[in-house]
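Thanks for coming, everyone. Please look at the screen, and I will walk you through a few places in this protein.

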Amino acid sequence: MPKSMTLEKQAAGQASFQLVASVLDALDRPLLVSDRAGQILFSNLHAQDRLRAQGLHAKPALNLFQDVLHADRKEVLRQLEGGEQEVSLSIEPAETKCRARIRWLPEPDWLAVFIEPSAPEPASDEAEMRQTVQELMQERETTYRNLLAAYLRLQEANQQKTVFLASAAHELKTPLAVMKGYYEMLLTGSLGKLSERQREILKESKESCDRLVRVVSMFLNYSALESGKLVLQLHENDLRDCISDMAGRWQDAFQRANVRLDIQVHDALPPFRFDYQKVQQCMVNLLDNALKHTPQGGSVTLRAQPHFWERRLAEASPSEERRRWNGDRPNSILVTVTDTGTGIAAEFHQEIFEEFVRVDPSSSGMGLGLAITKRLIQAHRGKVWVDSEMGRGSSFSFLLPIYVE
């Protein structure tokens, strides 16, 4: 081969090597290439900077395994020849933690070593945080179980309370009925003539007995509501008869308290399906409440009138039909009990319908009347509310839908 051609090939090879070296220098991480013995054949610019930082750039016969990696050459080769595509080693000592990724290039039998920063190990505070989170999760699980156990115990206690109230109410119901019967016999004079003083005392005693009967009735209703055993006896009834029957029994109590009771019942109240006893109990609760909070010389008014409850037809009827019904066909009965008492602050308007809530702690009662009234009216698919201001009295109202067969 002519000498000129040989020089050309050498020049071409040198140019190719320079091109490859330039490309490897452009890598953003150190790269070392060595033979099987560990003699370094090539290092890019980043690798040279690293060797210079470690003071190894001037060392003659620099060996990859002994001087740079501080690793066992035979062990590294054994892993690569055993099928490992890459061997990763931690480089120590070093200013920053680094790892060397060693790959075997079989054809030239070289080793390519890439040096890159090690993945940061979890900091001690991060490990502590993980442990803290795990402990919090365990604590939450424990708390949840404790709360569930406490809730179940409260449910059991509440059930026992309901059973106790029902049992006590049933035990009181019979003797109170007997007492009430004797009072009525005495007041009618069937057991002998009474003086005016005796009659007054018996009337007061009968009123106390009636109050106890109402309390027992409230306990029974509350127990039935709590246990889910309430069953409405829906029949075609006349609300005017229901109100008249109740008002006759309450006139004496209002007269004795020097509070005027005014009953205003619309003449056009239609008969409709409702539970006679339950609705009467609701009105009794409202009258009893009004009487307790109305001073002497005040008045209590009970009104009952037809009413158009638009919400019940908002989805089923077009607007024209709703307007026609609004003037011609009421779909509910509105009952309102208004007093001239002390009134109720606005923040208690919702709270007073909850069980065992009394706005005035000094007042008598168990705080069940309004709660029972609300649930009985809701059982009729109606609603109950209060309008009141301090010093201007209160107005309790409830709506009963008219059931059309």
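Let's start with Gln 280. Gln 280 sits in helix α8. This is a predicted model, by the way. Is Gln 280 buried or exposed? Its relative accessibility is 6%, and the cut-off for buried is under 20%, so Gln 280 counts as buried. Now look for Leu 239. Gln 280 and Leu 239 are 41 residues apart in sequence. In space, their C-alpha atoms are 8.9 Å apart.

Stay on α8 for a moment. Met 283 is also in helix α8. Its relative accessibility is 0%, so Met 283 counts as buried. Which partner can we pair with Met 283 across the sequence? Take Val 335, 52 residues away along the chain. From C-alpha to C-alpha, Met 283 and Val 335 are 8.4 Å apart.

Next stop, helix α7. Leu 239, the partner of Gln 280 a moment ago, is among the buried residues of α7. The helix covers residues 239-256, which is 18 residues. From its first C-alpha to its last, α7 reaches 26 Å. That is close to the 26 Å expected at 1.5 Å a residue.

Where does α7 bend? Find Trp 250. The bend there is about 40°. Trp 250 is also on the buried list of this helix. The full list runs Leu 239, Cys 242, Ile 243, Met 246, Ala 247, Trp 250, Ala 253 and Phe 254. Look at the spacing of those numbers as you read them. Here is a general rule to keep in mind. An α-helix has 3.6 residues a turn, so residues three or four places apart point the same way.

Now the two ends of α7. At the N-terminal end, Asp 238 acts as a cap. One of its side-chain oxygens lies 2.9 Å from the backbone nitrogen of Arg 240. After the helix comes Asn 258. Asn 258 belongs to the loop between α7 and β7. What is the sign of phi at Asn 258? Phi is positive, near 60°, and this residue is not a glycine. Asn 258 has a relative accessible area of 46%, so it is partly exposed.

Move on to strand β7, where we find Arg 260. This residue has 51% relative accessibility, and exposed means over 50%, so Arg 260 counts as exposed. Arg 260 and Ser 299 are 39 residues apart along the chain. Their C-alpha atoms are separated by 4.5 Å.

Now the largest pocket. How much space lies in it? About 1000 Å³. Its lining is made of 32 residues. Nearest the centre are Lys 180, Asp 210, Val 213, Arg 214 and Arg 249. Four helices, α5, α6, α7 and α8, each supply at least two lining residues. Which helix gives the most? That is α6, with 12 residues. By type, the lining divides into 14 charged, 10 nonpolar and 8 polar residues.

On to helix α10. Its buried residues are Gly 369, Leu 370, Ala 371, Ile 372, Thr 373, Leu 376 and Ile 377. Take Ala 371 from that list. Its C-alpha is 9.5 Å from that of Glu 351. The two are 20 residues apart in sequence. Where is Glu 351? It is in the loop between β10 and α10. With a relative accessible area of 37%, Glu 351 is partly exposed.

What follows α10? Arg 381 does, and its phi is positive, near 65°. Arg 381 is in the loop between α10 and β11. It is a residue other than glycine, as Asn 258 was. At 52% relative accessibility, Arg 381 counts as exposed.

One last arginine. Arg 101 lies in strand β4, residues 98-105. Is Arg 101 buried or exposed? With 16% relative accessibility, under the 20% cut-off, Arg 101 counts as buried. Its side chain has a polar partner. A polar contact of 3.0 Å joins Arg 101 to the side chain of Glu 86.

That is my tour. Questions, please.

Conventions: Residues numbered from 1 in each chain as written. Predicted model: local features only at pLDDT ≥ 70, side-chain atom pairs only at ≥ 80, totals over all residues. Heavy atoms only, no water. Expected span 1.5 Å × (residues − 1). Bend = angle between axes of the 7 residues up to and from the residue. Buried < 20%, exposed > 50% of the residue type's maximum accessible area, 1.4 Å probe, protein only. Polar contact = N/O pair within 3.5 Å; in protein donor to acceptor, adjacent residues only side chain to side chain. 1 Å grid on protein atoms, 1.4 Å probe; cavity = no way out; pocket = protein on both sides within 12 Å on 5 of 7 lines; lining within 4 Å. Points joined across faces, edges and corners; volume = space filled by probe spheres on them. Nonpolar A, V, L, I, M, F, W, Y, C, P; charged D, E, K, R; others polar.
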